[in-house]
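Me: Could you walk me through this structure, one question at a time? I'd like to see the reasoning behind each answer.
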Amino acid sequence: GATIVIAIGWYLRRRARYLALFQGFKGPAEHWLLGALYDILVAPKVGDGEPDVLRFWQTHLETFQDEACYLFWAFGRWLPFAQPIVILTDVKLVRAVLSPKNYGKFTKGLGYDAAMPLIGRALLALPDGDEWKLHRRIAQSAFRPMILSRTVAVATRLAATLSRNWGSPDKAIDVHPQMLKLAVDVLGQVVLSYDFASVQATRATDAPLYTAYKVILATMTRNSRYPWMRPIPDAANRRYWQAQRDLDGVIRSLLRSRSVAAPEVADDLLVHLMTDQTLTDQEVVDTVKTFLFAGHDTTAATLTWALYELAKAPALQDRVRGEVLCGTPSDCPPDPSSLGTLELLNAVVKEVLRLHPPAIFSRNAPRPTSVDVDGVTYVFPQKCEVLIVPWLLHRRGKYFRDPEAFAPDRWLGPDRAEDFSF
């Protein structure tokens with residue numbers, strides 16, 4: 001009994017010293033056991049009955065609008081496995097955390113480890129360092145003017161095929177699954193010279209890559225909210241593990257079918273991967289995983305929101321269509337060199353990405369880490385997770401006038417909004 005009391009006393013004293021490091025951070029009240037997770041669980045439900053986490057964060061943002069960041073705890077702060085999470089709500093602080101000046105102070109966030117089965121151990125998940133630089137150099141081969149020209153032609157052709165499959169214009173369409181299929185097929189044909197044939201598929205079994213990603217994303221979302229579910233072999237996890245095997249199988253089949261010596265093979269990313277002597281077979285697989293997911297999921301989300309916003313604004317839709325078709329026959333793909341001159345289209349894309357950014361970013365402080373901004377020093381304690389949520393930043397009135405409104409014209413003219421490029 002005495003040993004237990006001593007152990008508890010030692011733990012509480014040690015924990016109190018750690019918690020004292022967070023005294024400078026403001027944050028919401030929390031549940032003694034679940035921390036802020038309790039408020040997430042009871043938040044209004046959206047979609048398939050999932051909590052509206054973004055609105056939960058926005059409520060806190062309004063409460064702490066004068067702060068550059070705020071703190072919440074995943075699980076009660078006195079528990080040994082509780083995770084402190086600091087949300088950055090100031091652009092200058094975000095710039096400082098991500099700047100080269102503070103390179104090496106932060107590591108990739110815990111979310112990247114959780115996403116490893118989906119993105120592989122490649123560019124997104126690798127820690128900063130020489131290995132990351134190698135993967136970054138190889139990945140750069142996928143971003144060249146020739147690739148852009150190929151992308152425009154392939155995307156135009158596949159989009160035409162997809163729209164024909166929709167049939168009657170009066171029929172309601174669930175656009176997001178269609179955009180996922182379109183994006184993965186464009187990516188496959190442009191970057192990997194491989195046709196996944198998702199656009200033409202009439203059944204889920206005919207689009208194995210789309211189906212695998214759908215299962216993996218749904219289960220990862222659930223397991224990230226309820227971490228204790230990860231090792232449980234329930235039906236959802238069994239489908240998840242099978243989908244991972246299916247994804248690996250599709251990628252390895254793609255690699256086997258490809259001969260880098262064949263003269264008809266295009267100069268694409270896959271050629272650079274398979275001919276690079278510094279990469280192992282598993283690193284090639286992981287890099288393809290990264291490109292397949294990062295290259296199609298966020299793109300599909302952005303396309304979906306763009307179609308949604310344009311559908312709500314027919315007059316704006318007509319203006320965008322007129323700009324794109326000006327000087328370009330409707331049955332021809334746009335000239336890639338002219339894309340940068342389409343000011344209204346670019347403004348629409350910027351506004352979609354402002355109002356509906358498809359990703360969040362996280363960093364972790366492996367040791368006590370300080371960041372200076374305008375003479376103020378922010379100290380992030382050890383093991384603190386730092387979360388950058390563009391969805392929140394873009395809805396701050398201090399950066400954008402009428403931030404909840406979809407207003408592409410804010411990016412046009414002499415008084416256009418600042419784009420906060422890093």
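Reply: Sure! First, a bit of vocabulary: helices and strands are DSSP runs, numbered from the N terminus, with at least four residues for a helix and at least two for a strand. And keep in mind that this is a predicted model.

Me: Okay, where is Trp78?
Reply: Look for strand E3 (69-74) and strand E4 (83-88). Trp78 sits in the loop between E3 and E4.

Me: Is Trp78 buried or exposed, or partly exposed?
Reply: Buried means under 20% relative accessible area and exposed means over 50%, with partly exposed in between. Trp78 has a relative accessible area of 44%, so the label is partly exposed.

Me: Which residues form a nonpolar patch on the surface with Trp78?
Reply: The patch has about 410 Å² of accessible area, counting its members together. Besides Trp78, those members are Ile4, Ile8 and Leu12.

Me: What should helix H15 span, end to end?
Reply: H15 covers residues 343-355, which makes 13 residues. The expected span is 1.5 Å times one less than the number of residues. The end C-alpha atoms are 18 Å apart in the model, and that agrees with the expected value of 18 Å.

Me: How are the buried residues of H15 arranged around its axis?
Reply: The buried ones are Leu344, Ala347, Val348, Glu351, Val352, Arg354 and Leu355. Seen down the axis, they fall within an arc of 160 degrees, so they line one face of the helix.

Me: Which helices help cover the buried residues of H15?
Reply: Contact here means heavy atoms within 4.5 Å. The cover includes helix H13 (281-312), helix H14 (314-325) and helix H16 (390-393).

Me: What separates Arg354 and Glu351 along helix H15?
Reply: Their side chains meet in a salt bridge at 2.9 Å, N to O, and both residues are buried. Since they are three residues apart in H15, the separation is about one helical turn.

Me: How many residues apart are Glu404 and Arg55?
Reply: Side chains of opposite charge can pair when their charged atoms come close. Glu404 and Arg55 do meet in a salt bridge, at 3.6 Å, N to O. The pair links distant parts of the chain: Arg55 is in helix H3 (residues 53-63) and Glu404 is in the segment after H16, so they're 349 residues apart.

Me: Which residue joins Arg55 and Glu404 in a network of salt bridges?
Reply: Glu404 is partly exposed at 37% relative accessibility, and Arg55 is partly exposed at 38%. The other residue linked in their network is Arg395.

Terms used: Residues are numbered from 1 along each chain as its sequence is written. This is a predicted model: local features need pLDDT of at least 70, side-chain atom pairs count only at pLDDT 80 or more; totals for chains, interfaces and linings use all residues. Side-chain values use heavy atoms; hydrogens and water are left out. Buried means under 20% relative accessible area, exposed over 50%, partly exposed in between (1.4 Å probe, protein chains only). The arc is that of the directions from the helix axis to the C-beta atoms. Patches are made of residues with over 30% relative accessible area and no salt bridge: like charges are joined within 9 Å, nonpolar side chains (Val, Leu, Ile, Met, Phe, Trp, Tyr) within 5 Å. Accessible areas come from the Shrake-Rupley method with a 1.4 Å probe; for residues, only the protein chains shown count as cover. A salt bridge is a side-chain nitrogen of Lys or Arg within 4 Å of a carboxyl oxygen of Asp or Glu.
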